[in-house]
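Me: Hi! Could you walk me through this protein? I'm new to reading structures.

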Amino acid sequence: MSQSTFNIFLMDIIKLNAIPSTNDYLKELAVTNTLNDFTIVVAEVQTKGKGQMGAVWQVEASTNLTFSVLVGYGLLSIDDIFTVNVSIANAIHKVLLSFGLKDVFVKWPNDIMSCNKKIGGILIENSLKSNGEIQSIIGVGINVNQTNFDGLPQASSILKANGIIVDKQDLMIKIVKVFKDVILNLDSNKKQEWDYYHQNLFKKNSPVTFEIKEGLKFTGMIKDVNQLGQLGVLNEAGELIYFNLKEIKMLY
């Protein structure tokens with residue numbers, strides 16, 4: 001592993017050639033160092049990237065974007081936890097649209113979709129400090145230039161889904177800049193962020209087959225996501241039921 005650190009657009013960026021997990025590296029660094037908010041760790045190769053609930057985020061070496069960003073030091077409260085998820089998803093969505101991508105949506109809880117395929121994911125790990133402050137390590141993985149997804153029929157990339165070549169560093173900096181602008185004024189931006197998130201929620205108001213515990217399947221419609229991050233699904237009986245992460249799976 002080699003490391004270089006530089007500052008661009010008032011962001012501290014630590015670049016690594018290879019690392020097991022950018023989230024883990026940034027968490028450990030924050031324990032032993034006083035880091036600026038929005039410090040970024042980015043790796044060309046991430047060998048043990050993490051997804052939600054212990055899943056593994058697999059990427060092809062050097063063709064994709066994997067980075068983590070630190071937010072904390074009094075910027076967030078306990079009530080902001082899922083709004084941070086909403087805000088980083090929105091930032092990614094907005095920047096991808098600015099690059100010309102089509103059919104971009106956010107799939108609850110943490111996937112970025114384009115042309116009905118997953119091209120990215122988000123993992124947020126929060127810690128509560130002794131003074132009551134929340135620190136968030138936000139991991140982002142985006143498939144940029146990878147074209148081979150053998151064995152991963154629901155995965156794609158910016159290049160494969162849209163035929164667009166994107167500079168990885170430019171993509172990362174623009175995402176963090178949009179996200180930073182929102183977080184620094186979060187109180188005044190919350191409603192706008194939630195509205196945008198719901199407008200671009202994958203399969204919202206469309207009939208979808210869902211699977212819940214013990215393989216039970218039903219048809220329902222996504223209506224919203226609440227402030228706790230639970231998915232609101234309207235079932236065939238007209239009941240709006242909220243589900244936590246891993247309690248429900250969308251089949252598409």
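Reply: Happy to! Let's begin with a rule for aromatic rings: rings of Phe, Tyr and Trp pair if their centres lie within 6.5 Å, and planes under 30 degrees apart count as stacked, over 60 as edge-to-face and the rest as tilted. Keep in mind that this is a predicted model.

Me: Okay, how many aromatic pairs does that rule give?

Reply: The count comes to eight aromatic pairs.

Me: Let's take Phe82 and Trp194. Why is that pair tilted?

Reply: Their ring planes meet at 35°, so the pair counts as tilted, and the ring centres are 6.0 Å apart.

Me: Where do those two sit along the chain?

Reply: Phe82 belongs to helix α2 (residues 81–98) and Trp194 to helix α5 (residues 186–199). The two are 112 residues apart, so this pair links distant parts of the chain.

Me: And is Phe82 buried or exposed? What about Trp194, buried or exposed?

Reply: Phe82 has a relative accessible area of 11%, so it is buried, because buried means under 20%. Trp194 is buried too, with a relative accessible area of 6%.

Me: Which residue joins Phe82 and Trp194 in an aromatic cluster?

Reply: That would be Tyr197, which forms one aromatic cluster with Phe82 and Trp194.

Me: Now Phe210 and Phe218: stacked or edge-to-face?

Reply: Phe210 and Phe218 are stacked, with 25° between the planes and 5.6 Å from centre to centre. Both Phe210 and Phe218 are buried.

Me: What sits over the ring of Tyr196?

Reply: The charged end of Lys94 does, 4.8 Å from the centre of the Tyr196 ring.

Me: Switching to pockets. What's the volume of the second largest pocket?

Reply: The second largest pocket has a volume of about 230 Å³. Its lining has 13 residues, and Phe82, which we met in the aromatic cluster, is one of those nearest the pocket centre, along with Asn85, Leu228, Gly229 and Leu245.

Me: Which element gives the largest share of that lining?

Reply: Helix α2 does, with three residues. Both α2 and β7 (117–128) supply at least two residues each.

Me: And how does the lining split by class?

Reply: The lining of the second largest pocket has seven nonpolar residues, six polar ones and no charged ones.

Me: Cool. On to strands: why is β3 largely enclosed?

Reply: Strand β3 (residues 40–46) has seven residues and five of them are buried, so the rest of the structure largely encloses it.

Me: How does strand β2 run relative to β3, parallel or antiparallel?

Reply: Strand β2 (residues 11–19) and β3 run parallel, joined by six bridges. Ile13 stands opposite Ile40 in β3.

Me: What about the backbone between Trp108 and Pro109?

Reply: Trp108 and Pro109 are joined by a cis peptide bond, with omega at about 0°. You'll find Pro109 in the loop between β5 (104–107) and β6 (111–114).

Me: One last thing: what's the phi of Lys203, and of Lys246?

Reply: Lys203 has a positive phi of about 65° although it is not a glycine, and Lys246 has a positive phi of about 75°, again without being a glycine.

Me: Where are they?

Reply: Lys203 is in the loop between α5 and β9 (207–211), and it counts as partly exposed at 30% relative accessibility. Lys246 lies in the loop between β12 (240–243) and β13 (249–251), and with a relative accessible area of 55%, Lys246 is exposed.

Notes. Residues numbered from 1 in each chain as written. Predicted model: local features only at pLDDT ≥ 70, side-chain atom pairs only at ≥ 80, totals over all residues. Heavy atoms only, no water. Helix = DSSP H or I, 4+ residues; strand = E, 2+ residues; numbered from the N terminus. Buried < 20%, exposed > 50% of the residue type's maximum accessible area, 1.4 Å probe, protein only. Lys NZ or Arg CZ within 6 Å of the ring centre and 35° of its normal. 1 Å grid on protein atoms, 1.4 Å probe; cavity = no way out; pocket = protein on both sides within 12 Å on 5 of 7 lines; lining within 4 Å. Points joined across faces, edges and corners; volume = space filled by probe spheres on them. Nonpolar A, V, L, I, M, F, W, Y, C, P; charged D, E, K, R; others polar. Pairing = 2+ DSSP bridges.
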